[in-house]
Amino acid sequence: RPRPLVAGNWKMNGLRASARVLEEIHAGYTPGLKAKVELAVCPPATLIGHCAQLSIGSRVAIGGQDCHAKESGAFTGDLSAEMLADAGATYVIVGHSERRQYHKEKDQDVCAKAVAAHRAGLTAIVCVGETREEREAGKTLAVVKKQLRGSIPVESNSHNLVVAYEPVWAIGTGLTPTTADVAEVHAVIRDELRRLVGKADAPKVRILYGGSVKPSNAAELMAVENVNGALVGGASLVAADFLGIAGAY
Ligand code: 13P
């Protein structure tokens with residue numbers, strides 16, 4: 001089993017004062033917890049440099065929430081993977097449903113961003129997940145497979161790729177799939193990974209579950225087969241909650 005990863009996605013939340021949350025996370029990342037689980041925090045890009053400085057020596061990794069596919073150029077307002085790496089990030093989330101929804105990102109865009117992440121030496125956290133309509137239509141597995149095939153670059157391996165299954169209807173809603181549903185989707189993702197990264201490496205790729213993870217449901221979700229950690233939104237803004245989720249291991 002791969003070493004679990006609990007990653008916090010702060011989304012568009014956090015000012016410089018929010019670094020206090022990160023310091024509380026550092027304080028609670030005890031040797032016992034370090035032995036069990038890897039932690040990452042993905043703050044807004046304005047805080048990556050600051051958070052990376054604060055995290056030196058703490059073993060809490062810092063990540064971006066998105067990147068541009070190109071290394072540099074005339075793309076006003078965008079940030080390259082190289083810039084995130086230069087600021088101290090080691091991870092970047094790509095293809096989050098909020099990017100797919102609000103910025104019309106397609107699988108091929110997500111794939112290009114993951115390629116950029118790898119070019120810059122970052123580990124890409126590639127997000128997939130069905131909408132409520134897709135689940136109700138019985139299309140969940142087909143949607144997730146299609147997203148994986150379209151979004152994961154060929155050079156991916158267990159070091160530079162993490163997959164996050166985030167059902168769109170579970171994000172920020174307090175709703176979660178049943179453990180049986182999570183197990184079914186994660187098994188399909190593992191199976192797809194055999195084709196995408198090869199049989200030897202597929203078992204080592206971390207597959208995170210995301211969507212309304214909180215301390216009270218983390219143990220149950222993290223115990224599901226093929227769940228190798230969590231991608232946490234709202235609860236990652238409160239150090240005690242984030243640490244409570246990590247402590248579910
Ligand atoms: P919530 O944990 O707030 O539901 O968000 C999940 C998510 O989108 C993490 O990327």
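Helix α3 spans residues 48-55, and its buried residues are I48, C51, A52, L54 and S55. Around the axis of α3 these buried residues fall within an arc of 160°, so they line one face of the helix. An α-helix has 3.6 residues a turn, so residues three or four places apart point the same way.

The structure is a predicted model. Its scores are ipTM 0.99 and pTM 0.98. The mean pLDDT of the protein is 97, with 100% of its residues at 70 or more.

The buried residues of α3 pack against two helices and two strands, listed here.

| Element packed against buried residues of α3 | Residues |
|---|---|
| α1 | 19-28 |
| β2 | 38-42 |
| β3 | 60-64 |
| α4 | 81-87 |

G57 comes just after α3 and takes a positive phi of about 90°. From G57 to L237 the C-alpha separation is 21 Å, and the two residues are 180 residues apart along the chain.

L237 itself belongs to the loop that runs between β8 (229-232) and α11 (239-246). Is L237 partly exposed or buried? L237 is partly exposed, because 17 other C-beta atoms lie within 10 Å, whereas a buried residue needs 20 or more. Leaving aside residues up to four places away in sequence, L237 touches W10, N13 and V21. Of the elements in the table, α1 covers residues 19-28, and V21 is one of the residues that L237 touches.

Definitions and conventions:
Residues are numbered from 1 along each chain as its sequence is written. This is a predicted model: local features need pLDDT of at least 70, side-chain atom pairs count only at pLDDT 80 or more; totals for chains, interfaces and linings use all residues. pLDDT is the predictor's confidence in each residue, from 0 to 100. Helices (H or I, at least four residues) and strands (E, at least two) are DSSP runs, numbered from the N terminus. A residue is buried if 20 or more other C-beta atoms lie within 10 Å of its own, exposed if 12 or fewer, and partly exposed in between; C-beta atoms are placed from the backbone. Two residues are in contact if their C-beta atoms, placed from the backbone, lie within 7 Å. The arc is that of the directions from the helix axis to the C-beta atoms.
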